[in-house]
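Subject: Structure for your review

Dear colleague,

Please find below the structure that I am handing over to you, followed by an account of what was found in it. I should be grateful if you would read the two side by side.

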Amino acid sequence: MTRCVVCLRTLPPDTGLHACAPCLDQLRGLLAEIPRHLPLLALLLAPAAGVRTPGASAPAGRAHSPMPLRLDVVTLLGPGHAVRLPDPHGDQDPTVPVQPLLHGWATYVASQYPTVHRDVHGTAHITPGTTPRSRFGTGPAAWCHWLAAYLPFAAGHEWIGDMHRQIEHLVRLLRSKTDRPPVRTPRSAPCPACEAFGLVSTEGEQLIACTACGHRLTPADYREHSAAVLPALTRLAVLHHAEHDNTRRAS
Ligand SMILES: [Zn+2]
Ligand SMILES: [Zn+2]
């Protein structure tokens, strides 16, 4: 029995996968979310100038100049190493910045990806190891797009767990700086698994998830399910409303 390395759900047998469809969908959503934080992060680079009341006198001078840039934001946006380096003195910031983390994973995935080339005799040789290239450039958004495209390949390896953990950690950090969580839209139909009205669509994720029981369904399955249950539920709601109105008039 194989379990998802992220959430430990049991996986269907003989698929060769190490991550379940919901966790892969979540990772796809996290990768789509990263580029949305970057312009906000750039705005946060300069420390808040402070609000001055109109007409108030100029602030008194300070003993020290303020820091010209926010170091926590510079750390995230700046260059760095894709892996944590040994830190014998414990004085290094352990954060792996956005670009090195994404490019580091793209490089690793590409190094594992089998490439085929034919020699002069026409014999095909399969070798792992290539350099990642994206038609969207070399910035963080390009690598997010690239990694999302290679998720089906990455899902066949145990290191998908490390990739999910590190990308999720990065996104949590970005959300804590920019205060911009993904937009969640509640859906009208109840969950087909637990009947709670807890289904939501999350920006960047394809699957619709139940916040009560964790059940997930595709947009096509949701459309079919809502077409089957919503007309009856709407009729019930209208009847209930009419009854309530009648009771109010009679009293
Ligand atoms: Zn999972
Ligand atoms: Zn549910």
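T185 of strand 3 has S201 as its bridge partner in strand 4. In this predicted model, the pairing of strand 3 (residues 184-186) with strand 4 is antiparallel and rests on three bridges. A further partnership joins P186 to V200 of strand 4.

S201 also has a bridge partner in strand 5, namely I208. Strand 4 and strand 5 (residues 208-210) are likewise antiparallel, with three bridges between them. Five residues separate the two strands in their hairpin, where G204 adopts a positive phi near 90°.

These pairings belong to an open sheet of four strands, in the order 3-4-5-6 and with antiparallel pairing. Strand 3 and strand 6 (216-217) form its edges, each pairing on one side only. Within strand 4 (residues 199-202), L199 and S201 point one way, V200 and T202 point the other way, and all are buried.

The zinc sites

Which residues coordinate the zinc ion (ligand 2)? The donors are the SG atoms of C191, C194, C210 and C213, at 2.3 to 2.4 Å. C191 is placed in the loop between strand 3 and strand 4, and C213 in the loop between strand 5 and strand 6, so this pair ties together parts that are 22 residues apart in sequence. Along the chain, the donors of this zinc ion (ligand 2) follow the spacing C-x2-C-x15-C-x2-C. The angles among the four donor atoms are 105 to 112°, and the site is tetrahedral. For reference, the ideal angle for four tetrahedral donors is 109.5 degrees.

C191 and C213 may also be described by their accessibility. C191 has a relative accessible area of 2% and is therefore buried, the cut-off being under 20%. C213, with a relative accessible area of 40%, is partly exposed.

The zinc ion (ligand 1) is coordinated by the SG atoms of C4, C7, C20 and C23, at 2.3 Å. Its donor residues are spaced C-x2-C-x12-C-x2-C in sequence. Why is the arrangement around the zinc ion (ligand 1) tetrahedral? The four donor atoms subtend angles of 104 to 116°, and the criterion is that all angles lie between 85 and 135 degrees. C4 counts as buried because its relative accessibility is 0%, whereas C7, at 31%, counts as partly exposed.

The segment before helix 1

Two residues with a positive phi deserve mention. Most residues other than glycine have a negative phi. L8, however, has a phi near 70°, and D14 has a phi near 60°. L8 is located in the segment before helix 1, as is D14. L8 has a relative accessible area of 54% and is therefore exposed; D14, with a relative accessible area of 83%, is exposed as well.

H164 and its contacts

H164 belongs to helix 6. Is H164 buried or exposed? With a relative accessibility of 3%, H164 counts as buried. Apart from neighbours within four places in sequence, the residues in contact with H164 are V6, C23, Q26 and L27. C23 is also one of the donor residues of the zinc ion (ligand 1).

Helix 4 and its surroundings

Helix 4 (residues 140-149) has A142, W143, C144, W146 and L147 as its buried residues. In an α-helix there are 3.6 residues a turn, so residues three or four places apart point the same way. What covers the buried residues of helix 4? The covering elements include helix 1 (21-43), helix 3 (98-112), helix 5 (151-154) and helix 6 (160-178).

For one of these elements, the packing can be described further. The axes of helix 3 and helix 4 are 9 Å apart, at an angle of about 35°, and the crossing is left-handed. Helix 3 contributes V98, Q99, L102, H103, W105, A106, V109 and A110 to the contact, while helix 4 contributes P140, W143, C144, W146 and L147. Among these, W143, C144, W146 and L147 are buried residues of helix 4.

Yours sincerely

Definitions and conventions. Residues numbered from 1 in each chain as written. Chains lettered and ligands numbered in written order. Predicted model: local features only at pLDDT ≥ 70, side-chain atom pairs only at ≥ 80, totals over all residues. Heavy atoms only, no water. Buried < 20%, exposed > 50% of the residue type's maximum accessible area, 1.4 Å probe, protein only. Contact = heavy atoms within 4.5 Å. Donors = N, O, S within 2.8 Å, 3.2 Å for Na, K, Ca; no water. Tetrahedral: all angles 85-135°; square planar, octahedral: opposite > 155°, others 65-115°. Pairing = 2+ DSSP bridges. Axes fitted to C-alpha atoms, helices over the stretch in contact; angles between N-to-C directions. Left-handed = near helix turned anticlockwise from the far one by under 90°.
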